[in-house]
Amino acid sequence: MGRSVDEHVHQVAAVIRGAAQRRAQDPPLECRVVPGLTGRLAAPAVSTLDVPGFDNSQMDGFAVYAADLDRAGDLPVTLPTVAHVVAGDTAPPRLDPGTAAPIMTGAPVPPGADAVVPVERTRPGDFGPVAGGGLVEFSGPVASGTFVRPRGADVRTGEAVLEPGAPLHAAAVGALTVAGVTTVEVVPPLRVAIVATGAELVSGAVPDSNSRALLAHAHELGLAATAHVVEDDPAALEDLLNRLVTDHDVILTTGGVSAGTREVVRQVLEGRPGAWFGHVAVQPGGPQGLARWSDGAREVPVVCLPGNPVSVLVSFELFLRSPLAQAAGRVAWRPSGTAVLTEPLTSPAGRVQVRRGRMEPDGRVSLVGEAGSHLAVSYARADLLVFVPESVTAREAGDTVEWWRIA
Ligand SMILES: Nc1nc2c(c(=O)[nH]1)N[C@H]1C(S)=C(S)[C@@H](COP(=O)(O)OP(=O)(O)OC[C@H]3O[C@@H](n4cnc5c(N)ncnc54)[C@H](O)[C@@H]3O)O[C@H]1N2
Ligand code: MOO
């Protein structure tokens, strides 16, 4: 039975979403706020500080009473300066009306002052003596509040910095740090089991690159993942699945799904309730399967990828990366676009062909390697996937293609 790419994208996304929702019911993890924090917030992260912590200047300039400059316009207003206020000063003295305090960006606004005029809008255009005692001329009025960043404008003590579900990305680490939050409750990460199948892997005749590459993808997304190799023996695979189902949320298999005599994944999973095995209209990555495994107590989805290394990587990009990234609180999409080809290509009718490519300095796309799904090395040399729609059998140099960035 055949499926479109879109249909399989939706089917896989739905099972990963379901697994993520079930995993989110598990008790949250308490994690320290450190660079490297990943996942999503399980409970509101409450600020322990006002951010900013004090009224401060947005500009290098002069802190003033706005009312003092009301009459500036036709005739400039000249004010005597007091000592400079710099970032790091904690308690500047109260500003007297009729004076101006040279103030640097981020420095606390002296009590009383309610506006800052940037230095370049004053004359002579410099700050004068550090200790004060200079004169500064203003040529126009200023509204109260101008260039003052008020205390608590970003978040106030006791308010949520971030709500449950928020992704814990780099900006979140910065925000939590500035708000004085040192630990957060994090949704427990999806636990992914990767199962590579094949006698050639167990014997060492072929290095198991699939599970390594999938593990690397999982790590990059901040997911908890384990990798396993099993021979072409249904009993051994069943035994492994029974062990994995107890402490994993999603199982990914590679290999054993095509039409040969030793298709261990199909043999074990195809007849099970709700299982689907068939062809998706894409090359590479055509043979695919989706099933469930239960030990009676717990049931998890099993996403079955073909064995060829390029098929595995393309399948991951098409079907798995986005929902797994979503579950992990990472950006779910890849940068994509259209560009002109540097060379011709051919493609099978009725399938989306996915080629590997590179973005040239002139913005055109060249192809990297041939179409074969065993060419793992040329995949790694590429920085784009290049898509040829089902209806297209040939493209010429100069034709436009769609691409996704993979590196
Ligand atoms: N008669 C048919 N034959 C094939 C079909 C078909 O439709 N009819 N489809 C072809 C396509 S397309 C693919 S893709 C493969 C998928 O086959 P399997 O999923 O059963 O994968 P295997 O046979 O186990 O392995 C294929 C290939 O990949 C190598 N491999 C497997 N696992 C790993 C690993 N973990 N690391 C590195 N390399 C791996 C394996 O040695 C084989 O060379 O079927 C086609 N045949
Ligand atoms: O779909 Mo297979 O993945 O072309 O090599």
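**View 1. Strands β17 and β19 side by side in a predicted model.** Here's a pair of neighbours in this predicted structure: strand β17, residues 276-280, and strand β19, residues 287-294, run antiparallel and are joined by four bridges. To find your place, look for Gly278, which stands opposite Gln288 in β19. In general, strands of a sheet pair through backbone hydrogen bonds, either parallel or antiparallel.

**View 2. The open sheet that β17 and β19 belong to.** Step back a little and you can count seven strands, in the order β1-β17-β19-β20-β16-β14-β15, with mixed pairing. Which strands stand at the edges? They are β1 (2-3) and β15 (224-230); each has a single partner strand, so one side of each is left without a neighbour in the sheet.

**View 3. Helices α4 and α7 against the sheet.** Helix α4, made of residues 209-220, lies across β14 (191-197), β15, β16 (250-254) and β20 (299-305). Its direction is at about 175° to β15. Helix α7, residues 309-328, packs on the sheet too, touching β14, β16, β17, β19 and β20. Compare its direction with that of β20 and you get an angle of about 145°.

**View 4. Ligand 1 and the residues around it.** There are 22 residues around ligand 1, and the ones that come nearest are Glu200, Asp208, Ser258, Glu263 and Gly307. Ser258 puts a polar side-chain atom 2.9 Å from an oxygen atom of the ligand. The backbone joins in as well: a backbone N or O atom of Gly256 is 3.1 Å from a ligand oxygen atom, and a polar backbone atom of Asn210 sits 3.2 Å from a ligand nitrogen atom. How much of ligand 1 does the protein cover? On its own the ligand has 880 Å² of accessible area, and the protein covers 67% of that.

**View 5. Two cis peptide bonds, at Pro52 and Pro124.** Most peptide bonds are trans, but here are two that aren't. The bond from Val51 to Pro52 is cis, with omega near -10°, and Pro52 is in the loop between β3 (45-46) and β4 (56-57). The bond from Arg123 to Pro124 is cis with omega near 10°; look for Pro124 in the loop between β9 (122-123) and β10 (135-138).

**View 6. Phe147 and its positive phi.** Most residues other than glycine have a negative phi. Phe147, though, has a phi near 55°. You'll find Phe147 in the loop between β10 and β11 (148-149). Is Phe147 buried or exposed? With a relative accessible area of 18%, Phe147 is buried, because buried means under 20%.

Notes
Residues numbered from 1 in each chain as written. Chains lettered and ligands numbered in written order. Predicted model: local features only at pLDDT ≥ 70, side-chain atom pairs only at ≥ 80, totals over all residues. Heavy atoms only, no water. Pairing = 2+ DSSP bridges. Helix = DSSP H or I, 4+ residues; strand = E, 2+ residues; numbered from the N terminus. Contact = heavy atoms within 4.5 Å. Axes fitted to C-alpha atoms, helices over the stretch in contact; angles between N-to-C directions. Near = heavy atom within 4 Å. Polar contact = N/O pair within 3.5 Å; in protein donor to acceptor, adjacent residues only side chain to side chain. Areas by Shrake-Rupley, 256 points an atom, 1.4 Å probe, with all protein chains shown as cover. Buried < 20%, exposed > 50% of the residue type's maximum accessible area, 1.4 Å probe, protein only.
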